[in-house]
Amino acid sequence: MAELVGLVQRLEVAVGRLEDMSSSGGGGAVSVYVVAYDNLISGPVAQYTALSQKIGGDVQKHAELMKQAFSCQRQLLVTASSSQKPSDSVLTSLLAPMSKVIQEVQSFREKNRSSPLFNHLSAVSESVPALGWVAMAPKPGPYVKEMQDAAMFYTNRVLKDYKEKDKMHVEWVSTYVSIWTELQAYIKQHHTTGLSWSKTVSDILVWSGCLWSGDSGATSHNALFASINKGADITKGLKHVSDDQKTHKNPTLKVQGGPLPSGPKPFAARPTAAASPARTLPPVLELDGKKWKVENQEGAHGLVISDTELKQVVYAFKCNNSTLQVKGKINSIILDNCKKLGLVFDDVVGIVEVINCKDVKVQVMGKVPTISINKTDGCHVYLNKDSLSCEIISAKSSEMNVLVPNKDGEYTEIPVPEQFKTVWDGSKLVTTATEIAG
């Protein structure tokens, strides 16, 4: 089946090339960089799709959306290879279909948080904004690398879960990561400082196979890039969150006076009107299906969730200077974009995740198998005697401390290493934690 899928994708690429030549009047040759992109699609993308079909379920459905995203990007490359760079408003329309599929990829992950293949979905969802390289200048390659690194936290978890159980998932990780590695090499060869457009004039509407109808307006490049990237926030799809508040992967907030994210910068924006004040969203504490949603809480120090069930999850988003207590045994807890939040909970059978937070405290009253800390600055984890076997997994985080109880009931604070030393022992790399001097 995997071989058949790969063959079908190669045939689709060949048909696409014939259609391109037909669109140019029958005598035009496909651009060198379009042919090179076809090799990327018929190579690692096809292999990733084939393995995803073998795994099946949500991974297969996710891969179909990714296939659409690469197809739309190919259409844009065909357009660029035969047309001069268009105005911002036309470029916005050209990128809109790809932006839509990227958002669908990320929305699929959020709608399937209970999936047994959630780590696979998260790896793809975190890295798919890499396709926004076409709106980046002058360093699209490093941007793709940054998005590839964003998936590493979840690909490592897939490897940990399946390394000894199913080698197909290990191969899936290797193949998926190779997509972005080869895309970086492709960009370095053909689009080093940004998407290469033709020097000759052509009717861009004829060449655009993915163009949407309708007037998109005079949207700037930065706004366009934000449209491509906005779904990367883990809260994509929650009805109470507006796009203008998504900061950690929205480069336009730099222009609007918001927090400065790390990583590569988009190309310069044209002068824009003064930004309107951010809206204050109403606080939320409600059960939506199986999910307890705790959102936009400010200075709320008595938040309690007590009527819980094992199948339920708690999702806390943008809660600042507040405390939340979760009673009973539940499936999982997620803290996202929270500041100075205190969490106290009884028992979690799955995982407690802390993502994009600052200065939070987590106290375990019962048991929890895993606590994940990702992209967080300042996190104190208080364990009790029943939770000392808990695994704490961290990535891209700082100022983490674990507090363990002594015999006299007091806590001993132990920092989580942030600095590591890696050496070659003759056969493999060996990494050990080191203490920061000073």
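Trainee: In what order do the strands of the seven-stranded open sheet with strand 1 run, and what is the pairing?

Mentor: This is a predicted model. In it, the order of that open sheet is 1-2-4-6-8-10-12, and the pairing is mixed.

Trainee: What makes strand 1 and strand 12 edge strands?

Mentor: Count partners. Strand 1 (284–288) and strand 12 (391–395) each have a single partner strand, so one side of each has no neighbour in the sheet. From one strand to the next, the twist averages 10 degrees.

Trainee: How do you know that strand 2 and strand 4 pair?

Mentor: Pairing needs at least two bridges. Strand 2 (residues 291–295) and strand 4 (residues 313–317) share five bridges, in the parallel sense. Therefore they count as paired. Glu295 stands opposite Phe317 in strand 4.

Trainee: What is the strand order in the open sheet that holds strand 14?

Mentor: The order is 3-5-7-9-11-13-14, again an open sheet of seven strands with mixed pairing. Strand 3 (303–305) and strand 14 stand at its edges, because each has a single partner strand. Neighbouring strands here are turned by 15 degrees against each other on average, direction ignored.

Trainee: Which strands show that the pairing in this sheet is mixed?

Mentor: Take strand 13 (residues 398–405). Five bridges join strand 11 (residues 377–382) to strand 13, and these two run parallel. Asp377 has Ser398 as its bridge partner. Strand 13 also pairs with strand 14 (residues 411–415) over five bridges, but in the antiparallel sense. There, Pro405 is matched with Tyr411.

Trainee: What do strand 13 and strand 14 form, and which residue in the turn has a positive phi?

Mentor: They form a hairpin with five residues between them. Gly409 in the turn has a positive phi of about 90 degrees.

Trainee: Which residue is the bridge partner of Gly342?

Mentor: Lys361, in strand 9. Strand 7 (residues 339–348) and strand 9 (residues 358–364) run parallel, joined by five bridges.

Trainee: Now the helices. Why is helix 6 called roughly antiparallel to helix 8?

Mentor: Look at the angle. Helix 6 and helix 8 pack at about 170 degrees, with their axes 9 Å apart. Angles over 145 degrees count as roughly antiparallel, so the name fits helix 6 and helix 8. Helix 6 brings Pro140, Gly141, Val144, Lys145 and Gln148 to the contact. Among the helix 8 residues they meet are Val177, Trp180 and Leu183.

Trainee: How does the span of helix 8 compare with the expected value?

Mentor: Helix 8 (residues 167–190) has 24 residues and reaches 35 Å from first C-alpha to last. That is close to the 34 Å expected at 1.5 Å a residue.

Trainee: What caps the N-terminal end of helix 8?

Mentor: Asp166 does. One of its side-chain oxygens lies 3.0 Å from the backbone nitrogen of Met168.

Trainee: What covers the buried residues of helix 8?

Mentor: The cover includes helix 2 (32–55), helix 3 (57–82), helix 5, helix 6 (140–150) and helix 7 (152–162). Among the buried residues are His169, Trp172, Tyr176 and Ile187.

Trainee: Why is Arg113 called buried?

Mentor: Buried means under 20% relative accessible area. Arg113 has 19% relative accessibility, so Arg113 counts as buried. Arg113 sits in the loop between helix 4 (88–111) and helix 5 (118–127).

Trainee: What makes the pair of Arg113 and Glu110 a polar contact?

Mentor: The cut-off for N or O atoms is within 3.5 Å. The side chains of Arg113 and Glu110 make a polar contact at 3.1 Å.

Terms used
Residues are numbered from 1 along each chain as its sequence is written. This is a predicted model: local features need pLDDT of at least 70, side-chain atom pairs count only at pLDDT 80 or more; totals for chains, interfaces and linings use all residues. Side-chain values use heavy atoms; hydrogens and water are left out. Helices (H or I, at least four residues) and strands (E, at least two) are DSSP runs, numbered from the N terminus. Buried means under 20% relative accessible area, exposed over 50%, partly exposed in between (1.4 Å probe, protein chains only). A polar contact is a pair of N or O atoms within 3.5 Å; within protein, one must be able to donate a hydrogen and the other to accept it, and residues adjacent in sequence count only if both atoms are side-chain atoms. The expected span of a helix is 1.5 Å times one less than its number of residues. Contact means heavy atoms within 4.5 Å. Axes are lines fitted to C-alpha atoms, for helices over the stretch in contact, and angles run from 0 to 180 degrees between N-to-C directions. Angles under 35 degrees count as roughly parallel, over 145 as roughly antiparallel, 65 to 115 as roughly perpendicular and the rest as oblique.
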